[in-house]
Amino acid sequence: PKRVTFPTLYRHYRFLTEGARVRGGATDHAAGRRKWDSFTHLTSLDILQQIDGVPWVCDASQHDALLVVDVSRDRRYYGMALMVSRPSGSDVAFSFNTVVHPKLNVRRDAIDATVLKKEMVDLIRRRRGDEPLRSLLVIKDGRFYSEELEGVQQAEVELNGTGLAAHAVVDLVELHKDTMKELRMWHTENGQTGNVEEGTAVLISEREILLANTGCLTLNQGT
């Protein structure tokens with residue numbers, strides 16, 4: 001995991017053994033312990049994710065499955081993750097699978113339509129269980145390019161009646177990391193103002209939501 005470098009591990013171990021500096025320059029051993037616990041907790045989750053482990057299961061959502069598509073910052077790799085979360089009583093109520101592959105065209109963020117279609121079809125067909133998905137939410141980290149929309153549509157056609165139920169609902173969501181004007185969310189309590197927790201969201205309109213993917217718990221952990 002990216003957090004486990006020697007300097008980072010050594011720094012957090014010193015928080016545990018020597019305490020952490022707090023406002024005013026004092027050393028607080030309790031604060032140091034909290035920093036160490038947070039560091040080891042997040043690192044454990046990273047390791048668990050590397051082996052496709054799932055520490056907990058969320059309640060069934062409005063969609064039978066979520067498919068997340070992401071391209072690395074240097075455009076050299078792309079990854080896809082499929083999480084199935086269905087009501088109990090389905091053949092498989094929960095499953096989680098990921099794939100990461102080298103990206104052929106490193107000059108553009110977009111994933112080729114044929115490649116995206118193939119990976120989407122393979123990932124959905126390889127999941128555990130035979131019951132077709134009645135709904136699917138496809139999330140792109142960034143914007144959907146025209147060839148990617150074409151790839152999703154081609155996958156829908158190929159999966160119709162097999163991986164996806166006939167007339168299955170497929171919704172698409174874009175996660176934009178940048179805005180023309182910077183937006184921030186703050187939490188105020190007892191006269192103190194700080195960053196909100198991860199997962200905090202503000203509904204801006206029927207089609208737009210401001211979501212905090214990092215926050216006060218992980219903002220300084222290298223996420």
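Here is a walk through the structure, from the whole protein down to a few single residues.

Keep in mind from the start that this is a predicted model. The protein has 223 residues, and 31% of them are buried. Its secondary structure adds up to 4 helices and 11 strands. If you drew a box around the C-alpha atoms along the principal axes, that box would be roughly 65 × 40 × 40 Å. How much of the contact network links residues far apart in the chain? Of the contacts with a separation of 6 or more, 58% are between residues 24 or more positions apart.

Let's begin with helix 2, which runs over residues 29-50. With 22 residues at 1.5 Å a residue, helix 2 should span 32 Å, and its end C-alpha atoms are indeed 32 Å apart, so the two values agree. Which of its residues are buried? They are Ala-31, Gly-32, Trp-36, Phe-39, Leu-42, Thr-43 and Asp-46. Look down the axis of helix 2 and you'll find these buried residues within an arc of 140°, so they line one face of the helix. Part of what covers them is helix 1 (6-18), along with strand 1 (20-21) and strand 2 (27-28). The N-terminal end of helix 2 has a cap, too: Asp-28 places a side-chain oxygen 2.9 Å from the backbone nitrogen of Ala-30.

Now move on to the sheet. Here 5 strands make up an open sheet with mixed pairing, and their order is 5-4-3-6-7. Strand 5 (94-102) and strand 7 (164-175) sit at the edges, each pairing on one side only. From one strand to the next, the twist averages 15°. Strand 4 and strand 5 run antiparallel and are joined by 9 bridges. To see one bridge pairing for yourself, find Gly-79 and look for its partner in strand 5, Val-100.

Two helices lie across strands of this part of the protein. Helix 3 (residues 113-126) lies across strand 3, strand 4, strand 5 and strand 6 (133-141), and it runs at about 35° to strand 4. Helix 4 (residues 146-159) takes strand 6 and strand 7 instead, running at about 160° to strand 7.

While you're at strand 7, stop at Val-169, which is found there. Is Val-169 buried, exposed or something in between? Its relative accessibility is 45%, so Val-169 counts as partly exposed. Leaving out residues up to four places away in sequence, Val-169 touches Arg-134, Ser-135 and Leu-136. For a sense of distance, compare Val-169 with Gln-50: 119 residues separate them in sequence, and their C-alpha atoms are 30 Å apart in space.

Finally, a look at the backbone in two loops. As a rule, most residues other than glycine have a negative phi. Arg-75 isn't a glycine, yet its phi is positive, at about 65°. You'll find Arg-75 in the loop between strand 3 (65-71) and strand 4 (77-85). With 30% relative accessibility, Arg-75 counts as partly exposed. Asn-190 also has a positive phi, near 55°, and is a residue other than glycine. Where is Asn-190? Look in the loop between strand 8 (186-189) and strand 9 (192-195). The relative accessible area of Asn-190 is 74%, so this residue is exposed.

Conventions
Residues numbered from 1 in each chain as written. Predicted model: local features only at pLDDT ≥ 70, side-chain atom pairs only at ≥ 80, totals over all residues. Heavy atoms only, no water. Expected span 1.5 Å × (residues − 1). Buried < 20%, exposed > 50% of the residue type's maximum accessible area, 1.4 Å probe, protein only. Arc of directions from axis to C-beta. Contact = heavy atoms within 4.5 Å. Polar contact = N/O pair within 3.5 Å; in protein donor to acceptor, adjacent residues only side chain to side chain. Pairing = 2+ DSSP bridges. Axes fitted to C-alpha atoms, helices over the stretch in contact; angles between N-to-C directions.
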